[in-house]
Every structure is written in C-alpha cells, then in structure tokens.
Amino acid sequence: MGTPVNIRVLKNGQVRIHWFVRDPKGPIRTGASAPFLAPGVKPLVLGGKTGYLACQPKLRSLTSPIAEGKLQPIPCSSEPAAVTCPECRGVPQYREACEAIANANGQLRADDADRKRKTPAQPQEAAPILAS
Ligand SMILES: [Zn+2]
C-alpha cells in the first residue's frame, strides 16, 4: 500500500499553490524531467530551475515531507496567475510580477492591433484570458 497523501486546500476549496520565485540565489533547485511526447518530437524538458517559495523563502526543498504518516506535497508554480496561496500573493514582488505580465500582455495586444491594421484580412483571434 502506498503512503496516503494530504493535499492542503484553502477555505474556498482551492489547492494551495505557492509562488516559486525564480532566483539563481534561491535555496531550491527543482528536479529536471523530460517527458516523452511522441516519436520524432523532442522531449519537453521541465524543471531544473533555481528559486524560492515566496511565503517560505528559507525552505530548501520541494520534496514532499511526511507528517502524521501522510505525504505533504508542496504544490507551486512560477506562473503568478496560477498562485492561490494568500501569503505568497501578499509579498510585494507578487504585485510587481503581475503588473509586469499585464504590461507585457498590453504590449502584445498593441502589437497585434498594429499587425491587424496592416493586414486587415487576418482572421480575428480570441482575446487572451487574463487573471485578475
Ligand atoms: Zn505560499
């Protein structure tokens, strides 16, 4: 029998996803993996990044600890829109990261608009979904 897993959720039922801040000086290095997609397709390399968790900057590993006989996974993402942990979302850098992404998306939309004006025959694309 495997070890039971304890997934921590917030009061609203969402899984607590921490913000993994990429930082070459961070104490955590994520494990690299290369999922195989299809014959002839280069494997997708994931992980192998250095950084820290915004709400627990001293944490040194994302390996799930075992507490009370259960694995305690540490879900996290370097994508700010995916983060649900209120403490991670509360650090000042989080707001800056979200604003930087919003500005970059605004820039992309402006570029798209320029391109559409120059080539009016282009089909309309769906607007990107932005996290608030
Ligand atoms: Zn957090």
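## Overall layout

What pattern does the chain follow when read along the sequence? Read in that direction, the chain follows the pattern β-β-β-β-β-β-α-α, and it therefore holds 2 helices and 6 strands, with strands and helices taken as DSSP runs numbered from the N terminus. The model described here is a predicted one, and the values below are computed from it.

Of the 132 residues in the chain, buried residues make up 11%. Among the contacts in the chain with a separation of 6 or more, 65% are accounted for by residues 24 or more positions apart.

## The four-stranded sheet

An open sheet is formed by 4 strands in the order β2-β3-β1-β6, and the pairing within this sheet is mixed. Its edge strands are β2, covering residues 28-29, and β6, covering residues 76-77, each of which pairs on one side only.

The pairings can be followed across the sheet, beginning at β2. Strands β2 and β3 run antiparallel and are joined by 2 bridges, and within this pair arginine 29 has threonine 50 of β3 as its bridge partner. Strands β3 and β1 also pair in the antiparallel sense, over 3 bridges, and here phenylalanine 20 stands opposite leucine 53 in β3. On the other side, β1, which spans residues 18-22, runs parallel to β6 and is joined to it by 2 bridges; in β6, cysteine 76 is the bridge partner of histidine 18. As a general point, the side chains of a regular strand alternate between the two faces of the sheet.

## The nonpolar core

The largest nonpolar core contains 11 residues in all, and these are Trp19, Phe20, Val21, Ile28, Tyr52, Leu53, Ala54, Cys76, Val83, Cys85 and Cys88. Strands β1 and β3, the latter covering residues 50-53, each supply at least two residues of this core, and the largest share, 3 residues, comes from β1.

Several residues already met in the sheet return here: Phe20 and Leu53, which stand opposite each other, both belong to this core, as does Cys76, the bridge partner of histidine 18. Another core member is Cys85, and when residues up to four places away in sequence are not counted, cysteine 85 touches Arg16, Ile17, His18, Trp19 and Cys55.

## Residues in the loops

Which loop holds glutamine 56? Glutamine 56 is found in the loop between β3 and β4, and it counts as partly exposed because 15 other C-beta atoms lie within 10 Å. Although glutamine 56 and tryptophan 19 are 37 residues apart in sequence, their C-alpha atoms are 9.7 Å apart in space.

Glutamate 68 lies in a further loop, the one between β4 (66-67) and β5 (70-71). Its phi is near 50 degrees, which is a positive value in a residue other than glycine. Is glutamate 68 buried or exposed? Glutamate 68 counts as exposed, because it has 7 C-beta neighbours inside 10 Å and the limit for an exposed residue is 12 or fewer.

## A residue of helix α2

Helix α2 covers residues 92-118, and isoleucine 101 is found in this helix. Isoleucine 101 has 15 C-beta neighbours inside 10 Å and so counts as partly exposed, since a buried residue would need 20 or more. Isoleucine 101 and glutamate 79 are 22 residues apart in sequence, while the distance between them in space, C-alpha to C-alpha, is 9.9 Å.

Technical notes. Residues numbered from 1 in each chain as written. Predicted model: local features only at pLDDT ≥ 70, side-chain atom pairs only at ≥ 80, totals over all residues. Pairing = 2+ DSSP bridges. Core = buried A, V, L, I, M, F, W, Y, C linked by C-beta atoms within 7 Å. Contact = placed C-beta atoms within 7 Å.
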